[in-house]
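These are my notebook entries on a structure that is new to me. I set down what I looked up, entry by entry.

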Amino acid sequence: MIETAEDYREAVLSQQWWEKRSFVGCDFTEADLRGLRTQGCTFDQCDFTKVDFEGSRHEASAFRSCTFDRSVLAGTRWSSCSMLGSSFVDCRFQKVAFTECDLSLVSLSRNRLSKVDLSGLRLREANLIEADLTGADLRGADLTGARLAGAKLEGADLRGARIDANGLVQANLSGVHVDTETAVAYAAAHGLVIH
């Protein structure tokens, strides 16, 4: 069953278990989703503005082209989820755990992701412009095509991450932990001739 354009604004839906449910264009603005558990659910073009997700768990669920504006994501767990094309604006990411998630085409511009574990995630063509990634764990992340202009990366770990030449030119990698391969690619992207 697909729920289309349903109004869940300010609904109290905390501590519920949702399995294989589909939502399209639904409005969850200011809903209480604390402790919600989803498995195999899909959310397309849904609005999660000011939603409190604290302590929620999501497994193999898809949140495609959704809006997370000033949403509370503290203590949430996302496993094998797709966030394809979703937009995050001024969200709280404290103690968030992403495992094997696809964040391709996601907008995380200007969000505070300091010390967040983003290792191994797919962040292809993600908008990370002016995001605070200070001390973030990006080991093995796929950042191909990601926009990194103005991103704060000091102390971040990019060992094994895939970044194309454009990303390496945009990013300020001062104080970033990289492997030899990324260091050589960074030098080449900045015009050095390596012998």
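**Entry 1. Salt bridges**

With which residue does Asp69 form a salt bridge, and how far apart are the closest N and O atoms? I looked this up in the model, which is a predicted one. The partner of Asp69 is Arg70, and the closest N and O atoms are 2.9 Å apart. I then checked how open each partner is. Asp69 has a relative accessible area of 19%, so I enter Asp69 as buried, the cut-off being under 20%. Arg70 has a relative accessible area of 40% and is therefore partly exposed.

I next asked how many salt bridges the structure holds. The count is 13. One of them joins the side chains of Arg9 and Asp7, with 2.7 Å from N to O. For Asp7 I noted a relative accessibility of 47%, so Asp7 counts as partly exposed.

I also looked up the salt bridge between the side chains of Glu130 and Arg110, where the N to O distance is 3.1 Å. This pair links distant parts of the chain, with the two positions 20 residues apart in numbering. Both Glu130 and Arg110 are in the loop between β11 (97-99) and α1 (165-170). Glu130 is partly exposed because its relative accessible area is 41%. Arg110, with 58%, is exposed, because the cut-off for that class is over 50%.

Finally, I recorded a network of salt bridges that links Asp137, Arg139, Asp157 and Arg159.

**Entry 2. The largest pocket**

Which residues line the largest pocket? I found Arg110 again in this list, together with Asn111, Arg112, Leu113, Ser114 and Val116. The lining also includes Asp90, Cys91, Arg92, Phe93 and Gln94. The volume of this pocket is about 190 Å³. By class, I entered 4 nonpolar, 3 polar and 4 charged residues for the lining.

**Entry 3. An aromatic pair**

Phe93, which I had met in the pocket lining, led me to the aromatic pairs. The count of such pairs comes to 21. In the pair of Phe88 and Phe93, the ring centres are 5.8 Å apart and the planes stand at 50 degrees, so I enter the pair as tilted. Are Phe88 and Phe93 buried or exposed? Both are buried.

**Entry 4. The largest cavity**

I then turned to enclosed space. A search of the whole structure finds 1 cavity of 30 Å³ or more. The largest cavity holds about 30 Å³ of space. What is the class make-up of its lining? I noted 8 nonpolar residues, with no polar and no charged ones. The lining consists of Leu128, Leu133, Leu138, Leu143, Leu148, Leu153, Leu158 and Ile163.

From this list I chose Leu148 for a further look. Leu148 is found in the loop between β11 and α1. Its relative accessible area is 4%, and Leu148 is therefore buried. With neighbours within four places in sequence left aside, Leu148 is in contact with Leu128, Ile163, Gly167, Gln170 and Ala171. Two of these, Leu128 and Ile163, also stand in the cavity lining. I also looked up Leu148 and Ala131, which are 17 residues apart in sequence and have 8.0 Å between their C-alpha atoms.

**Entry 5. Thr38**

Where is Thr38 placed? Thr38 is in strand β4, which covers residues 37-39. Its relative accessibility is 2%, so I enter Thr38 as buried. Beyond neighbours within four places in sequence, the contacts of Thr38 are Trp18, Phe43, Arg57, His58, Glu59, Ser61 and Phe63.

**Entry 6. Positive phi values**

My last search concerned the backbone angle phi. Ala5 is not a glycine, yet its phi is positive, near 55 degrees. Ala5 is in the loop between β1 (2-4) and β2 (17-19). At 57% relative accessibility, I count Ala5 as exposed, because the figure is over 50%.

Ser80 likewise has a positive phi, of about 55 degrees, although Ser80 is not a glycine. I located Ser80 in the loop between β9 (77-79) and β10 (87-89). Is Ser80 buried, partly exposed or exposed? Its relative accessibility is 38%, so Ser80 counts as partly exposed.

Terms used: Residues numbered from 1 in each chain as written. Predicted model: local features only at pLDDT ≥ 70, side-chain atom pairs only at ≥ 80, totals over all residues. Heavy atoms only, no water. Helix = DSSP H or I, 4+ residues; strand = E, 2+ residues; numbered from the N terminus. Buried < 20%, exposed > 50% of the residue type's maximum accessible area, 1.4 Å probe, protein only. Contact = heavy atoms within 4.5 Å. Salt bridge = Lys/Arg side-chain N within 4 Å of Asp/Glu carboxyl O. 1 Å grid on protein atoms, 1.4 Å probe; cavity = no way out; pocket = protein on both sides within 12 Å on 5 of 7 lines; lining within 4 Å. Points joined across faces, edges and corners; volume = space filled by probe spheres on them. Nonpolar A, V, L, I, M, F, W, Y, C, P; charged D, E, K, R; others polar. Phe/Tyr/Trp six-rings, centres within 6.5 Å; stacked < 30°, edge-to-face > 60°.
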